[in-house]
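Here's a quick briefing to read alongside the model. Take a look at the structure first, then work through the points below.

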Amino acid sequence: MGLQELWFILIAVLFVGYFVLEGFDFGVGMLMPVLGRSKNGSADNDTRRRAVLNTIGPVWDGNEVWLLTAGGAMFAAFPEWYATLFSGFYLPLLLILVALIVRVCAIEYRGKIDDATWRSRWDWGIILGSWVPAVLWGVAFANIVRGVAIDENRQVVSGFFDLLNPYALLGGATTALVFALHGAVFIALKTADEVHEDAVKLASRLSIPAVVVAGAFVLWTQLAYGKGWTWILVGIAAAALLGVVALTAAAREGWAFVLTTIAVIATVVLLFASLYPNVMPSTISDAYSLTIHNASSSPYTLKVMTWAAAIMTPVVLIYQGWTYWVFRQRISTKHIPPSIGLPIRTR
């Protein structure tokens, strides 16, 4: 295996990590309006929303590092891929970036002022900042696998609305539903009391539409772009999602989270395996497609990057694993203290 193949695999691993970890982050934000709604005799809206948000409080910013590392690795290892992707997908990637910025600000600022209106507005930033990337990442990766119009100058000549084709829209629906299910199971795993009970019920309801939509997308991907051996990945993803249906119905959220994780991993690996050896296929001519060979950096650059990755990756993984271990306890609405935000000025 050459260095180009190695770095293609490493970038795939980084995106796997990002979608697994940031996937339930997005799901938590997407489900805040539902699981943050007070019921008769339960905690008030703000307490429930804080309990939901606190499930990712210690880890959400660390999860985003996977995307930064994936983007940096793509820039360094495959600069032609990076340049063509970010120029051709400029608008959807800009929307993702803006949504992520809004989401970060909303998470950080919602508790700064002790005012219901203030918190409600920032909550919408969290909600929209989770939904937009959850949908657009699926649209983007589906188009990468499907291919776009790349000319002889390695420029994407198709427009934004060309990206909104049926396959890509199904990909967006898949990531949105699977991330919502992943997030619901994660909330059930990390909470207690009424939030836990509601999350288990919601995960059970989400599991069936997630299976149907994701199953259609995975099957379409395999039939149109897959290889013979990738049927294994289709089977793994399908079995995992079907298992989630049974486990959420039985309120076994721990094993359900394992299976949603496996489903995300299998789907992302299927996309990268279907893409290989291309990194961005051209729908104009195969001769214009970007591959791991014609889009890569020099062998020396890849060699230096490999040594850096070998030294730093274990350190990062150990630190992030330790963070999850330290904050492994369940969160209850009874654990949420009164707001300590500053009072809003009246003049």
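Helix 11 covers residues 253–275, and its 23 residues should span 33 Å at 1.5 Å a residue; the end C-alpha atoms are indeed 33 Å apart, which agrees. (The expected span is 1.5 Å times one less than the number of residues; helices are DSSP runs of H or I with at least four residues, strands are runs of E with at least two, and both are numbered from the N terminus.) Of those 23 residues, 17 are buried, so helix 11 is largely enclosed by the rest of the structure. Buried means under 20% relative accessible area, exposed means over 50%, and partly exposed is in between, using a 1.4 Å probe and protein chains only.

This is a predicted model, where local features need pLDDT of at least 70 and side-chain atom pairs count only at pLDDT 80 or more, while totals for chains, interfaces and linings use all residues. Residues are numbered from 1 along each chain as its sequence is written, and side-chain values use heavy atoms, leaving out hydrogens and water.

**Overall build**
- The protein chain has 12 helices and two strands.
- Going from the N terminus, the order is α-α-α-α-α-α-α-α-α-α-α-β-β-α.
- Buried residues account for 51% of the 347 in the protein chain.
- The C-alpha trace spans about 65 × 50 × 40 Å along its principal axes.

**Salt bridges**
- There are 12 salt bridges, each being a side-chain nitrogen of Lys or Arg within 4 Å of a carboxyl oxygen of Asp or Glu.
- Arg 119 pairs with Asp 46, with their closest N and O atoms 3.1 Å apart. Arg 119 sits in helix 7 (residues 116–146) and Asp 46 in helix 3 (residues 45–54), so this pair ties together parts 73 residues apart in sequence.
- Arg 119 is buried at 11% relative accessible area, and Asp 46 counts as buried at 16%.
- Arg 48 and Asp 198 also form a salt bridge, 2.7 Å from N to O. Arg 48 is in helix 3 and Asp 198 in helix 9 (residues 193–225), so the pair ties together parts 150 residues apart in sequence.
- Both Arg 48 and Asp 198 are buried.

**Nonpolar surface patch**
- Nine residues' worth of side chains, including Tyr 90, Leu 91 and Val 132, form a nonpolar patch on the surface, with about 740 Å² of accessible area for the whole patch.- Patch members have over 30% relative accessible area and no salt bridge; like charges are joined within 9 Å, and nonpolar side chains (Val, Leu, Ile, Met, Phe, Trp, Tyr) within 5 Å. Accessible areas come from the Shrake-Rupley method with a 1.4 Å probe, and for residues only the protein chains shown count as cover.
- Helix 6 (residues 90–109) gives the largest share of the patch, eight residues.
- Tyr 90, in helix 6, is exposed with a relative accessible area of 53%.
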